[in-house]
Amino acid sequence: MSHPETTRPETTRRPISRGLRILSEPPRPEGLRQPTPPAPPPQPQRSTWPARSERSSSVSPSLPSAGLAPAPHPLTDAFGRQLTYLRVSVTDRCNLRCTYCLPEDADFPFGDRDFLSPEEIEAIVGALVRLGIRRVRLTGGEPLVRKDIVEIARRVKALPGVENLALSTNGTELARLAEPLRAAGVDRVNISLDSLDAERFRAITRRGSLEAVWQGVEAALAAGFSPVKLNAVLLSRQNLEDVDRLVELTLDRPLSVRFIEMMPTASNRHLQPDEYVSSDVVKQRIEARFGKLLPLDPRHAAAGPRTGPAAAYQLAGAQGAVGFITPLSHTFCADCNRLRLTARGELRLCLFADRVYPLRHLLVPSVPGVEDGREALEAEILRVLQEKPAEHMLARGDYGNLVSFMEIGG
Ligand code: SAM
């Protein structure tokens, strides 16, 4: 694999930023190599969507409020959805090549210098948090391949307004990093674990070691993350038989195991539609073997704070939980509360919407005494937010131009 940093012309490299201010008149971004696709035609408002005034929100942002009326939530989109959850991709690189996620010979065009620095992440996430983001997840690519991941976590958690910081990882480096990440303020971790059989795990990840990941799981529990969630993407011919063993883990360990429906991308065409397994099928299988899955009390430690679409259950008397993430069989766009920041500083409004909105160019090294102009960044975020689409088109098999979740952090 060629290393892009050794071949990229000097002119496209960004200076390492030290202390940031924000330009009030954003110039055309220098070094932005990926043209932004033209704006999509305006989304028709769908009749199935309640008007903003009719929608009740399950989220209550804790913005400062004067008087009795609740403060308006600045990050409210054209459909009345309040955005409180941000997923931050810190890299698109990964040390595994899961069959449903990346091609075996995947090559990554970008290197660490193309990705936001810890200071830049702090500045952009800071703007989003001032506007109402409350929960942040660091993801990738594989976030733990970044050498400065602990610093990134520390800076994000220190931002006033961040109530909860989570991390998604494949776990390969977690045994080493669990404690420093916990000390940096990461509250909870999701670990991808598609099989508990060493050979199947190796076959799915094409290069991973189950033992290393399991040491990461144990290190996460020992470090005190709460909850620790294990995510398994199910494939009918590769790991369906792992369902029972994964569910068994929840009986006597405080683990939350979640089954994710494989979402179509250009990288997993070879698996579609034969290997897709609906969560309904998995739930039936679990109940036939273990008995009824009971709705999980949201105060249960394994549930964690609700940030997303997982339907959570538990078996009677179990310490842990079982969840299902069902982007295809049961869409959850109407309750979407999330935004995504790509590793190169673009806002992505929907997992399966092609358009991204560059924000990095609004950041420049700060000059002492000069007004930092952060309002311009906030204004740009509020402006583009109104383009968040009503729903993604996945159920119709349209995954836009998405090659892999590694581009956006799933
Ligand atoms: N490397 C980290 C990890 O393994 O969790 C974070 C990035 S990874 C893209 C995030 C999650 O997306 C993982 O649980 C992975 O299994 C899942 N994922 C990747 N491609 C997927 C797909 N096509 N459909 C459903 N889930 C997918």
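Contact here means heavy atoms within 4.5 Å. Keep that in mind for later, and keep in mind too that this is a predicted model.

Let's start with the whole protein. It has 410 residues, and 55% of them count as buried. Its secondary structure comes to nine helices and 14 strands. If you take the contacts between residues at least 6 apart in sequence, 76% of them join residues at least 24 apart. On the outside, the protein exposes about 18300 Å², with carbon and sulfur atoms supplying 53% of that area.

How far can you trust the picture? The mean pLDDT is 81, and 76% of the residues reach 70 or more. Residues 1-66 are the part to watch: their pLDDT is below 50, even though the stretch has 125 contacts in the model beyond near neighbours in sequence. Where pLDDT is low, the predicted coordinates should not be read in detail.

Now for the ligand. There are 19 residues around it, and Tyr100, Gly141, Glu142, Ser192 and Met263 come nearest. By class, this shell has eight nonpolar, nine polar and two charged residues. Look for a nitrogen atom of the ligand 2.9 Å from a polar backbone atom of glycine 141. Asparagine 268 uses its side chain instead, with a polar atom 3.2 Å from a ligand nitrogen. At asparagine 170, a backbone N or O atom lies 3.5 Å from an oxygen atom of the ligand. On its own the ligand has 550 Å² of accessible area, and the protein covers 95% of it. Strands S4 (164-169), S6 (228-234) and S7 (255-261) are the elements that each give two or more residues to the shell.

Glycine 141 deserves a second look. You'll find it in the loop between strand S3 (135-139) and helix H3 (149-157), and the peptide bond leading into it from glycine 140 is cis, with omega near 25°. Another cis bond runs from serine 226 to proline 227, with omega near 0°; proline 227 is in the loop between H6 and S6.

Next, find helix H7 (residues 243-252), where Val243, Asp244, Leu246, Val247, Leu249 and Thr250 are buried. What covers them? Helices H6 (210-223) and H8 (279-290) are part of the cover, along with S6, S7 and strands S9 (311-315) and S10 (321-325). So S6 and S7 turn up both in this cover and in the shell around the ligand.

One last oddity is arginine 206, in the loop between helix H5 (198-205) and H6. Its phi is positive, about 65°, although it is not a glycine. Arginine 206 is partly exposed, with a relative accessible area of 24%.

Note on methods
Residues numbered from 1 in each chain as written. Predicted model: local features only at pLDDT ≥ 70, side-chain atom pairs only at ≥ 80, totals over all residues. Heavy atoms only, no water. Near = heavy atom within 4 Å. Polar contact = N/O pair within 3.5 Å; in protein donor to acceptor, adjacent residues only side chain to side chain. Areas by Shrake-Rupley, 256 points an atom, 1.4 Å probe, with all protein chains shown as cover. Helix = DSSP H or I, 4+ residues; strand = E, 2+ residues; numbered from the N terminus. Nonpolar A, V, L, I, M, F, W, Y, C, P; charged D, E, K, R; others polar. pLDDT = per-residue confidence, 0-100. Buried < 20%, exposed > 50% of the residue type's maximum accessible area, 1.4 Å probe, protein only.
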